[in-house]
Amino acid sequence: MATPGTERQSKSGISILSLDAGGLRGISQLEILKHIMDKLAEDTDDDVPQTIKRPCEVFAMIGGTGTGGLIAILLVVLKMTASEALETFTDLVNEVFKDVDHNPIKQTEKLKQVIDDILAKRQVPLDAKLVPPAGTSPACRLCIFVVDKKNTAMLATCASQPIFSPAKVVKDYSNIEYISADLGLCNPVREIIEGAHNVFGDETTVVCTLSIGCGNPGVNIASDSSQATALVTFLKRIGLDGERKAQEIASQMEKLTLYHRLSVAYGMELSEDESWRKAEDISEHTRNYLSDEEVARAVNKCITTLKDEIGTTTLEQLRYLGGGEVLAPELFELTPNYVERRTPTEFLEKCLLDADGGIKPGSKRVIVTGMGGCGKTQLVRKFIEDHSDLFASVFFIDGSSKETIKRDLTEHVRSLGGAHSQKSFEESMKFLSLPTQGGERLLVIDNVDDPNLNISAFFPKWRRGSVIITSRNGSHGQLSPLSHLQLDVMSMNESIELLIRGSGGIQLSAQHREAASKVAEELGYLPIALVQAASYIFRTGCSADTYIPLLRTSRQRVLSDPATSQIDMRYTTAFAAFDASYSILPYKAQLALHLLSFFNRQKFPIDCIGFDAANGFSSDGYYLDRGEEYERGRDCLKEIFYSDGMWDPAEVESIVSSLRSHSLVGIIPTEITRLLQMHSLVHEWARLRVPGTEVLRFQDAAIRFSRSGHVTSMGEVAHK
């Protein structure tokens, strides 16, 4: 059974661990798992050593059959580390399997007592349920092949006949007996994939499927004896041979980087009488196996897969086909209403192309930055459409996070097929750095907005090639100052053309142009807002002339109306684009943004913040009654601009830097001070996003700031 739960949300996919049945040879499985978890902690990107993770923190589902199922319970339900599980399972083996009682009832009682001791040691009630109450789904799911929901399942996983008696459970006034599913289902990897599919759904991608066996049981030769016991032993050995199933699965998944099978090749052979073998011998054979060079490479590949967290095959594909063909990520489609933006287009071409229209030699890098919704992606997409024939290949990457960049880069390389189909992320980066025949590559990393992301780590080390970065973070321009395009809003003519095209107009009459120019001016010439307006006009049938009064009387409602029937728009409203930036701003930058919305959007003097900050924003140019609004305003200003209860000029610079890095504000330097400016829609959006219960607080803070800093409505400093 697979424990139920809500679908796990993960962009990078999930990992699955499958454990064969094998009795006391389960010690070998845990030695292998411990080795992997230890190396996973060693092979980190950070300089600081990391704590060894628990398997339940790495795998989204762990399952097994027979003793493999028992180990899965130790790892998932009791949340043991691999080392703890190895120690616990070894003690269980020594207690239960060393001197087997031929009476199944007594042998079962022995097993039950050991399990009870394990639960008591972990302070787990004997009647604890494996399936948690509704609404508390664990991060790691358990998949075992019994139906019982209580800890009797621990007994049932090991209830292999004839050594043990069936596990009995009273259910609906009936006695139900459960036995282990190890015979005939020794290697349950297919069934665990099915269980993961039931829990996580069709489209969840799989990063890693690790199947750990209990060792090769050796050659199984039919006995010449006609005795029934010899035949039973022969059939049982067949049932416990998980390697046959492993070979079958490997033949279907050999082209997939996600599938890994580890099982000791020699030293685990089953004896004819299934006699006891020492735990120390099993561990020794396993360590020898892990020291083999070929096995070490297989282990390293598995660890690389787990570290990369790149899922390209869905559970649906894995379930039916053993994995599908890896396809390159799709390229954003160019909108049909795209309007040529001459100046920024010429800038791109000048940076990447020579005077004859060919590609410039050497390694080239262009950084395109600007506020959300200003058309960065569409501009680059148009460049690709016009000049893709010059490049040997174009890789378009989602740069929203480290995980998406690694995933898309790897998928692009794997989609080339052949020897590239199993490359890891590191191998993919090395491949991209190699020279190509028939031209050079263009790598576009789009939407690199995370200020904590070191994007330069993802640049190929090539001598010939082009990289284009799009981002709201203007500081990325430092990566290539001479080829940094700071994309602004559209020109008046570009805005008019976009509005008329998008709203279905075909005649550029003087009347159309005049009405469209008023709409464009009202929306600050921001492309996403213009597309939104054009969509509204087209759907409602209103004219540009009637749109302006609607915008002025029902502004929030109209600006929140999404642009429908648009192709490949990341955001359907200007406010949604701003919200995306707001969600990753530091808290103090969010507060500062709300405060700024109560001032003139174009001339806010930054340096006047410190005029009275050291005095706690308490000075007045003239006498004012000091009621509760006075303290409320001061407290709000201190919360924004103070650090640890003290005035800290560096805090202001940090806030300004955060707002600039998301292109929510710009700076105009003057001889007296620096002035902040905001786009009209950003200014309005920031005010509308102030919670209703907080409006008075920010209003009081704005008044207190104006009085203590002596800021005029025009934003000029008049400090006395």
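## Helix H14 and its surroundings

Two residues are in contact here when heavy atoms of each lie within 4.5 Å. The model is predicted, and the contacts below are computed from it.

In that sense, the buried residues of helix H14 (residues 376–387) pack against one helix segment, H13 (342–352). They also pack against strands S9 (363–369), S10 (393–398), S11 (441–446), S12 (465–471) and S13 (484–486). Ten of the twelve residues of H14 are buried, so the rest of the structure largely encloses this helix. The buried set consists of Lys376, Thr377, Gln378, Leu379, Val380, Arg381, Lys382, Phe383, Ile384 and His387. Charged residue types are among them, including Lys376, Arg381 and Lys382. The length of H14 is as expected: twelve residues at 1.5 Å a residue should span 16 Å, and the end C-alpha atoms are 17 Å apart, which agrees.

## The chain as a whole

The protein chain has 720 residues, of which 51% count as buried. It holds 27 helices and 18 strands. Among contacts between residues at least 6 apart in sequence, 75% join residues at least 24 apart. The accessible surface comes to about 34100 Å², and carbon and sulfur atoms account for 50% of that area.

## Ser483, beside strand S9

Ser483 is found in the loop between S12 and S13. With a relative accessible area of 9%, Ser483 falls under the 20% cut-off and is therefore buried. Its side chain reaches the backbone oxygen of Arg365 at 2.4 Å. Leaving aside neighbours within four places in sequence, Ser483 is in contact with Phe347, Cys351, Arg365, Val366 and Ile367.

## Met253 and helix H17

Met253 is placed in helix H9 (residues 242–253). At 1% relative accessibility, Met253 counts as buried. Met253 and Leu318 are 65 residues apart in sequence, while their C-alpha atoms are 8.6 Å apart in space.

In helix H17 (residues 492–502), the buried residues are Glu494, Ser495, Ile496, Leu498, Leu499, Ile500 and Gly502. An α-helix has 3.6 residues a turn, so residues three or four places apart point the same way. After H17 comes Gly504, which has a positive phi, near 90°.

## Gln532 and helix H26

Gln532 lies in helix H19 (residues 527–540). This glutamine counts as buried, at 2% relative accessibility. A polar atom of the Gln532 side chain lies 3.0 Å from the backbone nitrogen of Ala574. Neighbours within four places in sequence aside, Gln532 is in contact with Val558, Leu559, Ser560, Asp561, Ala563, Thr572, Thr573 and Ala574.

H19 is also one of the partners of helix H26 (residues 680–688). The buried residues of H26 pack against H19, helix H21 (555–559), helix H22 (574–582) and helix H23 (587–596). Within H26, the residues Leu681, Val682, His683, Glu684, Trp685 and Ala686 are buried. Trp685 also belongs to an aromatic cluster, formed with Phe575, Phe578 and Tyr582.

## Aromatic pairs

The whole structure contains ten aromatic pairs. One of them, Phe604 with Phe705, is stacked: the ring centres are 5.5 Å apart and the planes meet at 20°. This pair links distant parts of the chain, since Phe604 is in strand S14 (residues 604–605) and Phe705 in helix H27 (residues 695–709), 101 residues apart. Both partners are buried, Phe604 with a relative accessible area of 5% and Phe705 with 1%.

Phe617 and Phe641 make a tilted pair, because their ring centres are 6.4 Å apart and their planes stand at 45°. Phe617 lies in the loop between S14 and helix H24 (628–641), and Phe641 lies in H24, so the pair ties together parts 24 residues apart in sequence. Phe617 and Phe641 are both buried.

## Charges over rings

Two arginines have their charged ends over phenylalanine rings. The charged end of Arg687 sits over Phe598, 4.1 Å from the ring centre. For Arg697, the ring is that of Phe698, and the distance to its centre is 5.2 Å.

Note on methods: Residues numbered from 1 in each chain as written. Predicted model: local features only at pLDDT ≥ 70, side-chain atom pairs only at ≥ 80, totals over all residues. Heavy atoms only, no water. Phe/Tyr/Trp six-rings, centres within 6.5 Å; stacked < 30°, edge-to-face > 60°. Helix = DSSP H or I, 4+ residues; strand = E, 2+ residues; numbered from the N terminus. Buried < 20%, exposed > 50% of the residue type's maximum accessible area, 1.4 Å probe, protein only. Lys NZ or Arg CZ within 6 Å of the ring centre and 35° of its normal. Expected span 1.5 Å × (residues − 1). Polar contact = N/O pair within 3.5 Å; in protein donor to acceptor, adjacent residues only side chain to side chain. Areas by Shrake-Rupley, 256 points an atom, 1.4 Å probe, with all protein chains shown as cover.
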